[in-house]
Structures are given as C-alpha cells and as structure tokens.
Amino acid sequence: MAASRTRLALVVTVAVAMVIVSLSGCAAESEPVDDSVDVTEPYRIGAVLSLTGTFAGLGEPEKKTIDMEVERINDAGGVHGRPIEVLIEDDATDAETAVAVTTRLLERGDIVAIIGATGTGGTMAMRQEIVRAGIPQVSVAGGTVITADFHPLVFQTPWSNSLVVPFTLRYLEEQGFYKIGLISDTGGFGKDGVEVIKEAIEGTDFELVAEESFNPGDTDMTAQLTLIRAADADVVVLWSAGREAATVAKNMAQLDFGIPLVGSHGNARIEFIEGAGEAAEDFVFAAGKILVPEAYGEDSEEYAVATDFIERYTERYGEAPDTFAGHAYDSLYIIVEAMQRLPEGFSPEDLRDEIEKTTGFVGIGGTFNYSETDHNGLTEDDLVMYRVSGGRWVLEER
Amino acid sequence: MHRNVDIKVAVLLGLIGASVFSVPLLTADRYMLRVLTFVGVNVIIVAGMALLFGYAGQVSLGHAAFYGIGAYASAHVVTVFGWPWVAGVAIAIVLTAAGGLLLALPSLRLRGHYLAMATLAFGEIMRVAFVEGKGVTGGPDGLSGIPFPSFLGIEVDSAGGNYWLVWSAAAAVLLIASNLVRSRAGRAMLALHGSEAGAMSCGMDLTGLKVRVFVISAAFAGLAGSLYAHVVGFISPSTFSLHVSVLLVAMAVLGGTRSLAGPVLAAVILTMIPFADAVIPGLSRSAVETIQEWQEDVYGLTIIAVMLFVPGGIAGALRRIAAKGSVR
C-alpha cells in the first residue's frame, strides 16, 4: 500500500511537471516574436558570453564592447540600411548552459552568426549546435584547440598559444636565456601552453630544467619556485591566465630570486599589476599591441583604430578596455564587415565564406587574415613584448 | 482496496507516460526539449541518489565522478575505437559499477560524514584524472565530436529523438528503482536508514547491502553520463566537478527520504532553475541572469532550509498532504 502510494506519487509528480512544462512552452510558442517597432527588420547576431560564473570578469567587458559598438554601427546606418541587433545570452561559464542557450538562439531561426563563447570549454561544447545549424561562429576564447581542431564554420579572434609561444621563445633566445624553469596552472590555458612550449623547444638549444604546476586557487607557490631555483634556471617562464600569476611574482620577490620572470598574454590584465604590486616590476610578457598602441607607430591605421576604441570605451565606461574587450570588438566587426561586403539576402553559408575571405582587417588584437586553413588569422607581427615599469605597461626594448 | 489502488496506479502510469512522451509532439521548441533532456539526465542520476541517500541513508559527495567516468568511457570507445553506441553505454555502466564497487568495499565501512569525506576525495581524484589523463579524456580541452546515439543503423540526432531516448532510459531506471524499494532489499535499506545498530542486530548483512546500493547508484550515474556525452557531443572536466556532486546532493535532500517522487521532482525543479525562462514565458533576461548569479547560493540555502525546516523534503510534504487527505 505504502509502496503503491510511492509509485503513485512519483507518477503524478512527473506527469504534472511535464504537462505544465509542455503547456507553458506551447503558450510561449504561440506568442508572436515581435519586438520590431521599426519598419526594417534588424539583422540578428547571437552572442554567448560568460556574464556570471568564473569568467564573468572577461564576459563583462565583452558585453560592454558589443553594446557600445552595435550602437555605433547602427548610428552609421547599419548593414544594407538595416540595423543590427546582437542578442546576448549568459552561459554562466558552464558548458551545458552554453549548449542550451546556443540552441535557444539558433531556434529563433533568424540568427546569421554567433559570437562566443567567452571560454574555450563553452566554445567547444557549442560546436554540435553550430554545425547542425550551419551558422558561422567567431569565438572570443583563446584555446589553441578551437581552430586546431578545425571546422570550416568556426573562427576565433584571440592570439593562440601556438603564436605567442614561438614569439616569446625568440625573445628568450635574444636575451640568452636557454635554461627555462617553467611554472604553469593546471587549467586549460596553462596545460595548453606547456604542451606548445615542449613541442616548440624540441631539437633547439632550449632546455626545460624544471617543470612545475599549481592549481587554480592555490595561494602559495614557494615550494615549486624553490625547486626551480635548485634546477639552476636562467629564467622563470609563467604560463597562467588566472589571478594566481600575481602570487608567483610575489613569491619570487620574497625568495629574492635574482632571475627574470617572463609571462604570457594571459597576464595582460591590470589585476596582475594590482595583485603583485612591487613584485610586478620588470615582469615581461608578450601580448597584442592594444596595451600601448604606440607600438603600432603613431601614424598607422592600427594606431588610429586602437586609440579611437580606447577613447570611446574609456569615455563611456570610465575605465580603459582590456584585451578581452578587444577580442569582442574584433569578432563583431569581422562578422559585420563580411555582412556589408555581401549583397542583401545572403545565406549563413555565404556569410561563412565571406568571413573566411577576411584579409587585412585591422582590429584591436591585430591585423586579421583568415584563409581556408587558418581561422585564427593573426601572426607574430601582431605581438609585442611588454615590461611592467612603475606600475604600468611599457614596451620592452629589444 | 489494494486492487483498486493498483488499477488507479496503472491508469495513472499510462497517463503520465503518455504525457511525458508526448512533449516532443506538442512542441517543436528545441531549446525546451534540450533543457528537458538535461532534466531527464539528472532524473536518472537522482534515482540512484534517492536509493543511496533517501533509503539507505548514505551520503555521497562523489557522484559527479561516476557521471564523468560513464561519459568519458562511452565517448572514448565510440569516438576513438569506433565501437557502436550500445557498446559505449554498456561499457559506461559496467565501468561505473566496477568503480562503485571498488570505492564501496573499503569506504562503506565508514559511516556518516566519514563516508561523505571519502566520496568527496574520490570525486576530487577523478577530477584530476579527467584533467591529467589526456590520452583518454582529452585533458582540459575535453573530448569533442562525440557522435549522436545510434542503434540498428538509425542515428538519433533530433532534439525530440534525444528527449525520447533519455526519458525512456529515465523511465526504465525509475521502474528498476521503484521495484527495488518495494522488495526485501528496500525494506532492509529502510531499516538501515532507521537504525544501523538495530538493523545489524536483526542479522542483516549491512555492508553487502550498502555496497549493492552504492554500485546501483554509481551505474545509474554512469548511464546518465553516457547519455549526456552523446546528446551534447562534447565533454570536459568542468561538467563533472564537485559543484555537480553538491547539486545532486541538494536534489536528494530537497526531494526527501523514503521516496522516489520527491527527489525526481527536486531534480526537475533544481535543473530548471538556470533555465527558468524556458517554462515561464516572458521572464526577462536580466531576471534569468540574476537567478544564474545566485544559483549556487540557492542550492546551498535549499539544503540548509530543508534540513532545518522541512526535514522530510518534498516527499515529506507530499506525505503530509496525502495523510491529511485520507483522514477525511
């Protein structure tokens, strides 16, 4: 009897839940999707960004950039006289949510392209939906895997480790640092970097004398650094995008290391300087030229684009844009400019082909040249070495 | 009287089955079907958690690991070895059951929060293994390009098809679980939950019973993992983190003890929280963002509030309502 009641209750609850769900879904469906007061229907682009969760600090500037630039594009007449609209969904830095919200965007049936996701995990998880819908995707995540695991529909805008690592190694070579003590995080960015570094130094004069790692969230790296010092390294190379990077710099200062610390584009954030304080001085890393636009040369187009963006962003939001804002800018304009080159009534397939034809696009991350085999589009020329000096970024003298 | 109830149950079962399975016929909204498919996956895991927590009274903070083992095992053999999907599911179930057995044999001699600690450690070890075992798991980049489920040469690639597949599995799992709790083993589990010493003094093989329940719940999680991997097509370590284990415990706690219906309903509710706008038409985007921002807090507060104010959870509340109804 009691057992029957258990089963009865079970059955009832599931049924009620499902019926409610399906009915409300039907109700939602029958409602006309109509928010177009203006006569001309906008072109709609979907964006999957991490506005909450671990990557909220990246998704926020990305969203701000998109909001600002969409206004600018529409003020200038939009595309083919039609406005553009970017529908931003929050994936909460969660792969499952990224899939679900991508489904929702594509379900509308009027999305021409997708920007995102903020993280590599989300970007990869969305792929099945993207492929099924045949819609081009321009990711703002930096994982090498995104374009290395090649798909014709998937593009990305940040510099990948496979670009930054050889560039950084060339700098180390110039400086005569051959014995590398490597320290990285166990997250995706750090692990990817270590792998690319190991591959790149194979058969060269470089020697990996120590290889240490730490977990995201760790608060002390003294033990790992002591081992690196014992290995008699010329230089400590740090590959991590997390806030733990500042701890590495601080620990090195405490241990009075006496050898330089070289990082990566993952540390091109003001949080690193704020977090490490004094210890951030003389920290060297490679990144795109947006941090010090003078790197482009003051009469270049790149300089004009970057300073214009920095000025408008700073005026509107009261803070300077970081590299993540730049990735969002590049993704949006790569899509929009491809749309503008196409005649009205293009298909998603046409748009994909046109995005692939992007050449010489001057963005914030660099100058993009996509091709049938390269969906990252940047080269080492878009990178520059920085040194932290007096609490700000200056160009490293080479 | 008893016969009457059985007929009513049979009719209701048919009705519910029909309504659950008719959802893809009523709507073509792939977003909603996706979300409900994720609900189905969680219902499968929670059925196991209900047996483990609600009946046998054991707390596991490591079930995300079994979920992950199932997902990786199935994805690996199908994607890398080219095995058929059905074999992938079978491997997922066998491996997680074996893993559950290996973990259960030593650790189920522990009680209460010691067991919770052991399973917590197991979950953490497996999370590191998913990240480091690049050859099998793809490391932090995860495994992508996992094919859709297919059997008898038919690929289940539509949102509706996936929904049916997952909910069929959920129905099978719930049937197994509901039969189990009505059997001798079910009564033994309740005795164990009531008083471990009391049950032991009646001559029950408690360790054997706990191991069996643990293995079954691990296998359910493995099955769910396999389904998830093939439905989404991509898996990475973050999907199987401690956060998921805690969410599963929250579902079991909110659902209440000695019940399958309670935890199932809790799974439906808690899975839907971040997707509230799928079922509440007109809910604004910023409202959903706020909900997502507070999601973890909602789970935590739910556990605390249920423990403090409604120890019986949803099941207890349902039972109270039923009792009031029968007093007349």
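# A tour of chains A and B

Start in chain A with Asp232(A), which sits in the loop that connects helix H8 (222-230) to strand E8 (235-239). The model on screen is a predicted one. At Asp232(A), phi is near 60°, a positive value in a residue other than glycine. Most residues other than glycine have a negative phi, and most peptide bonds are trans. Two further stops in chain A bear on that statement.

## Two more backbone stops in chain A

Select His80(A) next. This residue belongs to the loop between helix H2 (56-75) and strand E2 of chain A. Its phi is near 55°, again a positive value in a residue that is not glycine. Is His80(A) buried or exposed? His80(A) is partly exposed, because its relative accessible area is 28%, and the buried class ends at 20% while the exposed class begins over 50%.

Then move to Gly116(A) and Ala117(A) and display the backbone between them. The peptide bond from Gly116(A) to Ala117(A) is cis, with omega near 0°. Ala117(A) is placed in the loop that runs between E3 and helix H4 (120-133) of chain A.

## The sheet of chain A

Now select the strands. In which order do the five strands of the open sheet stand? The order is E2-E1-E3-E4-E5 in chain A, and the pairing is parallel. E2 and strand E5 (154-156) of chain A are at the edges; each has a single partner strand, so one side of each lacks a neighbour in the sheet. From one strand to the next, the twist averages 25°. Strands of a sheet pair through backbone hydrogen bonds, either parallel or antiparallel.

Walk through the sheet from the E2 edge. Strand E1 (residues 43-49) of chain A pairs with strand E2 (residues 84-90) of chain A in the parallel sense, over seven bridges. To find one point of this pairing, select Ile45(A), whose bridge partner in E2(A) is Val86(A).

Stay on E1(A) and show its side chains. How many of the residues of E1(A) are buried? Seven of its seven residues are, and the strand is mostly covered. Tyr43(A), Ile45(A), Ala47(A) and Leu49(A) point one way from E1(A), while Arg44(A), Gly46(A) and Val48(A) point the other way; all are buried. In a regular strand the side chains alternate between the two faces of the sheet.

Step across to E3(A). E1(A) and E3(A) pair in the parallel sense over five bridges. Ala47(A) is found opposite Ile115(A) of E3(A). Strand E3 (residues 111-116) of chain A is mostly covered, with six of its six residues buried.

Ile115(A) also leads onward, as its bridge partner in E4(A) is Val138(A). E3(A) and strand E4 (residues 137-139) of chain A run parallel and are joined by two bridges.

## Confidence in chain B

Switch to chain B and colour by pLDDT. The chain averages 86, and 96% of its residues score at least 70. Which elements of chain B have the lowest and the highest mean pLDDT? Helix H13 (residues 276-279) of chain B has the lowest, at 72, and helix H3 (residues 63-79) of chain B the highest, at 95. Where pLDDT is low, the predicted coordinates should not be read in detail.

## Helix pairs in chain B

Two packed helices are described by the angle between their axes and the distance between the axes. Keep H3(B) selected and add helix H10 (residues 206-232) of chain B: the two pack at an angle of about 50°, with their axes 7 Å apart. H3(B) and H10(B) are therefore oblique to each other, and their crossing is right-handed.

Next, select helix H2 (residues 30-55) of chain B together with helix H7 (residues 159-181) of chain B. Their axes are 9 Å apart and the packing angle is about 15°. H2(B) and H7(B) are therefore roughly parallel to each other, as angles under 35 degrees are counted that way. H2(B) passes H7(B) in a left-handed crossing. Sorted by class, the residues in the contact of H2(B) with H7(B) are 20 nonpolar, four polar and one charged.

## Last stop

Finish at Pro147(B), in the loop between strand E1 (143-144) and strand E2 (150-151) of chain B. Pro147(B) is partly exposed, with a relative accessible area of 33%. To end, draw a distance from its C-alpha to that of Glu196(B): the two residues are 49 residues apart in sequence and 46 Å apart in space.

Definitions and conventions. Residues numbered from 1 in each chain as written. Chains lettered and ligands numbered in written order. Predicted model: local features only at pLDDT ≥ 70, side-chain atom pairs only at ≥ 80, totals over all residues. Heavy atoms only, no water. pLDDT = per-residue confidence, 0-100. Helix = DSSP H or I, 4+ residues; strand = E, 2+ residues; numbered from the N terminus. Axes fitted to C-alpha atoms, helices over the stretch in contact; angles between N-to-C directions. Parallel < 35°, antiparallel > 145°, perpendicular 65-115°, else oblique. Left-handed = near helix turned anticlockwise from the far one by under 90°. Nonpolar A, V, L, I, M, F, W, Y, C, P; charged D, E, K, R; others polar. Buried < 20%, exposed > 50% of the residue type's maximum accessible area, 1.4 Å probe, protein only. Pairing = 2+ DSSP bridges.
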